[in-house]
Amino acid sequence: MPIRFHKSFPIFPGVRLNINRRSLSVSAGGRHEHYTVNNRGQRTESVDLPGPFSWRRTRSRYR
């Protein structure tokens, strides 16, 4: 079983700095929707829908 590392710090209301083993990222948004950009060029949009449903789209810097 691989060991994972993830830590998240609030830097402003609604904005978080996320650190993991491979990258740094900044997330902005509320509890049910947010937008994330990391230092590898990936951009992710996420929306939590009612119940067990969610939507996520990730784009790399090359698209």
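In this predicted model, the side chains of Arg57 and Glu45 meet in a salt bridge, with a distance of 2.6 Å from N to O. The pair links distant parts of the chain, since Arg57 belongs to strand S6 and Glu45 to strand S5, and the two residues are 12 residues apart. By the rule applied here, the count comes to 1 salt bridge. Arg57 has a relative accessible area of 33%, so this residue is classed as partly exposed, and Glu45 is also partly exposed because its relative accessible area is 27%. Both classes follow from the cut-offs, because a residue is called buried under 20% and exposed over 50%, with partly exposed in between.

The overall plan of the chain can be described next. The protein has 6 strands and 0 helices, and from the N terminus on its elements run β-β-β-β-β-β. Taken along the principal axes, the box filled by the C-alpha atoms is roughly 30 × 30 × 30 Å. Of the 63 residues in the protein, 14% are buried. When contacts between residues at least 6 apart in sequence are considered, 0% of them join residues at least 24 apart.

Strands S1 and S2 show how two of these elements are paired. Strand S2 covers residues 15-20, and it runs antiparallel to S1, to which it is joined by 6 bridges. One such partnership involves Phe9, whose bridge partner in S2 is Leu17. The hairpin of S1 and S2 has 2 residues between the strands, and in this hairpin Gly14 takes a positive phi near 85°.

Lys7 offers a view of the hairpin from a single residue. Lys7 is placed in strand S1, which spans residues 6-12, and outside its neighbours within four places in sequence it is in contact with Leu17, Asn18 and Ile19. Although Lys7 and Asn18 are 11 residues apart along the chain, their C-alpha atoms are separated by 5.8 Å.

Ser23, by comparison, sits in the loop between S2 and S3. Leaving aside its neighbours within four places in sequence, Ser23 is in contact with Asn18, Asn38, Asn39 and Arg40. Asn18 is therefore a contact of Lys7 as well as of Ser23, given that contact means heavy atoms within 4.5 Å.

The table sets out the relative accessibility of the four residues whose exposure has been computed here.

| Residue | Relative accessibility | Class |
|---|---|---|
| Lys7 | 42% | partly exposed |
| Arg57 | 33% | partly exposed |
| Glu45 | 27% | partly exposed |
| Ser23 | 10% | buried |

Ser23 counts as buried because its relative accessibility is 10%, whereas Lys7, at 42%, counts as partly exposed.

The last topic is the largest pocket, in which Ser23 appears again. About 690 Å³ of space lies in this pocket, and its lining is made up of 25 residues, of which Arg4, His6, Asn20, Ser23 and Ser25 lie nearest the centre. The elements that give two or more residues to this lining are S1, S2, strand S3 (24-29), strand S4 (33-38), strand S5 (43-48) and strand S6 (54-59). Sorted by class, the lining of the largest pocket has 14 polar, 6 charged and 5 nonpolar residues.

Terms used. Residues are numbered from 1 along each chain as its sequence is written. This is a predicted model: local features need pLDDT of at least 70, side-chain atom pairs count only at pLDDT 80 or more; totals for chains, interfaces and linings use all residues. Side-chain values use heavy atoms; hydrogens and water are left out. Helices (H or I, at least four residues) and strands (E, at least two) are DSSP runs, numbered from the N terminus. Buried means under 20% relative accessible area, exposed over 50%, partly exposed in between (1.4 Å probe, protein chains only). Two strands pair if DSSP finds at least two bridges between them. On a 1 Å grid over the protein atoms alone, a cavity is a set of points where a 1.4 Å probe fits but cannot get out, and a pocket is an open set with protein on both sides within 12 Å along at least five of seven lines; lining residues have an atom within 4 Å of a point. Grid points are joined across faces, edges and corners, and a volume is the space filled by probe spheres set on the points. Ala, Val, Leu, Ile, Met, Phe, Trp, Tyr, Cys and Pro count as nonpolar, Asp, Glu, Lys and Arg as charged, and the others, Gly among them, as polar. A salt bridge is a side-chain nitrogen of Lys or Arg within 4 Å of a carboxyl oxygen of Asp or Glu.
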